[in-house]
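Visitor: Before we talk, could the model be put on the screen, please?

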Amino acid sequence: MKVAISACLLGCSCRYDGTDNLNETLLKKLSDCELIPFCPEDDVFGTPRPTMDLIQSDHLIHAISNASGENLTPSIQRYAQKFFDTHPDIDLLIGKDRSPSCGVRTAKIYNLHKELISTKGEGIMVQEAQRRGIPTFGSEEYSTL
Ligand code: SF4
């Protein structure tokens, strides 16, 4: 099985602050799979980098930089489209929980006043996988299956 997975879960130090989210339990569970790592934020913005949040506006959800206020969504979408075009035979995506790029049913969504309106959102990279019909799981959810 070919699994697209958030690179930080494999121990890559690509989080915004240069740390990782190594999940050895998950990796053991995936030991028979071919893992294809991805990290849209490191690729597009580099590491370390300012954080961003998902903001809902007019029923659309945008990734907004907490440093500049810039809408970062198009850059992440371009990365995601290229990633899945390059790997058209991905069977499954496993994303880091709560990330605005990689969270699966766990990303926080705020309104324009920065009030939390949901903790069950999909990250921007995950949205592209779902548009393509790829099954998606959060790392914590998949670890306990
Ligand atoms: S959660 Fe996603 S965007 Fe954030 S560091 Fe991990 S792979 Fe990169």
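The conversation below sets computed values of this model against the definitions behind its terms.

Guide: This is a predicted model, in which local features need pLDDT of at least 70, side-chain atom pairs count only at pLDDT 80 or more, and totals for chains, interfaces and linings use all residues. Residues are numbered from 1 along each chain as its sequence is written.

Visitor: Why are helix 3 and helix 4 called oblique to each other?

Guide: Helix 3 (residues 73-86) and helix 4 (residues 124-131), both taken as DSSP runs (helices are H or I, at least four residues; strands are E, at least two; numbering starts from the N terminus), pack at an angle of about 45° with their axes 9 Å apart. The axes are lines fitted to C-alpha atoms, for helices over the stretch in contact, and angles run from 0 to 180 degrees between N-to-C directions. Angles under 35 degrees count as roughly parallel, over 145 as roughly antiparallel, 65 to 115 as roughly perpendicular and the rest as oblique, and the pair is therefore oblique.

Visitor: Which residues of helix 3 and helix 4 make the contact?

Guide: With contact taken as C-beta atoms, placed from the backbone, within 7 Å, helix 3 contributes Thr73, Ile76, Gln77, Ala80, Gln81 and Phe84, while helix 4 contributes Ile124, Met125, Glu128 and Ala129. By class, this contact has six nonpolar, three polar and one charged residues, where Ala, Val, Leu, Ile, Met, Phe, Trp, Tyr, Cys and Pro count as nonpolar, Asp, Glu, Lys and Arg as charged, and the others, Gly among them, as polar.

Visitor: What makes strand 2 and strand 8 edge strands?

Guide: Two strands pair if DSSP finds at least two bridges between them, and the open sheet in question has four strands in the order 2-1-5-8 with parallel pairing. Strand 2 (34-38) and strand 8 (136-138) each have a single partner strand, so one side of each is left without a neighbour in the sheet. Neighbouring strands here are turned by 25° against each other on average, direction ignored.

Visitor: How do you know that strand 1 and strand 2 pair?

Guide: Strand 1 (residues 2-6) and strand 2 are joined in the parallel sense over five bridges, against the required minimum of at least two; in this pair, Lys2 stands opposite Glu34 of strand 2. Helix 4 packs on this sheet, touching strand 2, strand 5 (92-95) and strand 8, and its direction makes about 165° with that of strand 5.

Visitor: What is the strand order of the open sheet with mixed pairing?

Guide: That open sheet of four strands has the order 4-3-6-7, and its edge strands are strand 4 (60-65) and strand 7 (116-121), each pairing on one side only. Strand 6 (residues 107-110) and strand 7 pair in the antiparallel sense over three bridges, with Ile109 bridged to Ser118 and Tyr110 opposite Leu116. The hairpin of strand 6 and strand 7 has five residues between the strands, and Lys114 in the turn has a positive phi of about 65°.

Visitor: Which residues come nearest to the ligand?

Guide: Of the 13 residues around the ligand, those that come nearest are Ser6, Cys8, Cys39, Ser99 and Cys102, a residue being near if its C-beta atom, placed from the backbone, lies within 6 Å. Helix 2 (residues 40-45) gives the most to this shell, with three residues, and the shell divides into six nonpolar, three polar and four charged residues.

Note on methods:
Contact = placed C-beta atoms within 7 Å.
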